[in-house]
Structures are given as C-alpha cells and as structure tokens.
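Colleague: I've got a structure open and I'd like to learn how to read it. Could you walk me through some features one by one?

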Amino acid sequence: MGADIHGFIECRLTYGTLDEEDSGWHAAIDLDLLYGGRSYDAFGCLFGVRNRAGFRPLAEGRGLPPDVTSEVRRDYESDPALFHSASWIGWEELTAVDWDEAAPTPDARVREYRDSERLGRMTRREAVHEDGTWDPVWATMKALADVHGPQYVRLVVWFDN
C-alpha cells in the first residue's frame with residue numbers, strides 16, 4: 001500500500017491594522033490543490049517518511065504546530081486510524097537548506113534499492129525537484145512569504161497508508 005501526503009500551507013497575516021484574531025495563522029491553501037505526486041524520496045528528505053535514500057530529514061516528527069489552525073487540526077484528526085507522521089516546516093527553514101547535500105551512504109537494503117534506480121548518492125535537490133511536482137508548493141509559499149515575511153509561512157503535513 002502506498003503513502004500519500006496531505007496538509008496545508010498556513011500563513012500568518014502581517015499587513016494592515018489587524019485585531020488579535022486576524023493576526024493568527026490561517027489555512028491558506030490545501031496541499032491537494034498544489035501537489036498531486038507521490039515521491040518517497042521527497043517525503044524522506046523533507047519529513048523522514050518512507051526514507052529509502054537515507055536522508056537526514058529536515059522536519060521529521062514535529063507533530064502539528066501548537067498554534068495550528070482549527071481547520072488544519074480538524075482535517076488531520078478526521079481519521080486518526082489512517083493519518084500519521086504529522087510535521088511542519090517553515091519557508092524560512094526551506095530557504096536555508098543546502099539542496100546539494102547528499103544522503104549519507106545508505107545501508108545494504110537502501111543500496112539495493114538505489115542501485116536499481118540509479119548509481120550514487122542522491123542529493124536533496126534530486127529528491128525534491130524544484131522544477132517538478134513541488135514547484136507549485138514552493139511558488140505559493142514564496143509568494144506568501146514575499147507579502148507576509150518568510151517566518152510567517154509554513155507547510156503542515158501528514159501522511160496516510
């Protein structure tokens with residue numbers, strides 16, 4: 001059975017005169033509207049899920065943010081028997097990643113998989129293609145960060161299988 005990713009891009013509004021309720025986090029867009037792929041290399045690199053290449057995950061096992069929006073929490077908790085491995089990563093973190101970092105030398109099981117796919121160690125850039133299926137996610141996060149600031153944009157995810 002395969003694993004699929006679910007989640008939202010959340011954004012915190014920073015412009016204008018806002019009251020406390022408006023200045024909190026908002027569920028900006030459902031990830032299903034931007035990402036329709038299933039890349040275990042990307043899932044492993046970003047969140048440690050199905051990490052066949054052996055990456056040091058960027059944001060593994062963080063759970064939902066403590067101030068996650070009620071819409072996102074409700075979506076995640078809608079099927080506790082199915083959904084797992086909730087985590088999140090901010091745009092500020094993503095822009096600081098060394099995308100040319102390679103996964104460490106994999107163990108024998110992973111080497112067997114990698115040899116069948118291609119030779120060599122995979123880089124983060126190869127796992128999470130910036131001009132591939134993740135491009136709409138990154139473009140949306142960047143656009144929101146350009147308006148509100150990189151520290152106020154995050155990707156909140158979870159998986160099923």
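Colleague: Let's start with pockets. How do I find one, and which residues line the largest pocket here?

Modeller: Rolling a probe the size of a water molecule over the atoms shows where empty space is left. Keep in mind that this model is predicted. Here the largest pocket has Trp91, Leu94, Thr95, Trp99, Arg125, Val128, Glu130, Asp135 and Trp138 around it. The space inside comes to about 150 Å³.

Colleague: What is the chemical make-up of that lining, nonpolar, polar or charged?

Modeller: A mix: 5 residues are nonpolar, 1 is polar and 3 are charged.

Colleague: And which helices supply at least two residues each to the lining?

Modeller: H3 and H6 do. H3 is the top contributor, with 3 residues.

Colleague: That makes me want to see the helices themselves. What does a helix do to the direction its residues point?

Modeller: An α-helix has 3.6 residues a turn, so residues three or four places apart point the same way. Now take H1 in this chain: 8 of its 8 residues are buried, so the helix is largely enclosed by the rest of the structure. Those buried residues are Tyr40, Asp41, Ala42, Phe43, Gly44, Cys45, Leu46 and Phe47.

Colleague: What comes right after H1?

Modeller: Glycine 48, with a positive phi near 80 degrees.

Colleague: Which residues other than glycine have a positive phi, then?

Modeller: Two to look at are arginine 50, with phi near 55 degrees, and serine 85, where phi is also near 55 degrees. Arginine 50 sits in the loop between H1 and helix H2 (70-76), while serine 85 belongs to strand S3 (residues 84-90).

Colleague: Are those two buried or partly exposed?

Modeller: Buried would need under 20% relative accessible area. Arginine 50 has 31%, so that residue counts as partly exposed. Serine 85 has 35%, so partly exposed applies there too.

Colleague: And glycine 149, buried or exposed?

Modeller: Its relative accessible area is 14%, so glycine 149 is buried. You'll find that glycine in the loop between H6 and S4. Try checking its distance to cysteine 11: the two lie 138 residues apart along the chain, but their C-alpha atoms are separated by 9.3 Å.

Colleague: Now the inside. How many residues does the largest nonpolar core have?

Modeller: It has 37 residues, and Trp134, Val137, Trp138 and Leu155 make the most contacts within it. Two or more residues each come from strand S1 (4-12), helix H1 (40-47), helix H3 (91-95), helix H6 (135-148) and strand S4 (153-160). H1 gives the most, 6 residues.

Colleague: Which residues does tryptophan 134 touch?

Modeller: Leaving out residues up to four places away in sequence, tryptophan 134 touches Ile5, Tyr35, Ala42, Phe43, Leu46, Val128, His129 and Leu155. Another core lies apart from the largest one; it has 8 residues, including Phe8, Val68, Phe83 and Val156.

Colleague: To finish, how do I sum up the whole chain?

Modeller: Count elements: the chain has 6 helices and 4 strands, in the order β-β-α-α-β-α-α-α-α-β from the N terminus. Then look at burial, which covers 44% of the 161 residues. Of the contacts between residues at least 6 apart in sequence, 70% join residues at least 24 apart. Lastly, the accessible surface is about 8,400 Å², with 48% of that belonging to carbon and sulfur atoms.

Terms used:
Residues numbered from 1 in each chain as written. Predicted model: local features only at pLDDT ≥ 70, side-chain atom pairs only at ≥ 80, totals over all residues. Heavy atoms only, no water. Core = buried A, V, L, I, M, F, W, Y, C linked by side-chain atoms within 4.5 Å. Buried < 20%, exposed > 50% of the residue type's maximum accessible area, 1.4 Å probe, protein only. Contact = heavy atoms within 4.5 Å. 1 Å grid on protein atoms, 1.4 Å probe; cavity = no way out; pocket = protein on both sides within 12 Å on 5 of 7 lines; lining within 4 Å. Points joined across faces, edges and corners; volume = space filled by probe spheres on them. Nonpolar A, V, L, I, M, F, W, Y, C, P; charged D, E, K, R; others polar. Areas by Shrake-Rupley, 256 points an atom, 1.4 Å probe, with all protein chains shown as cover.
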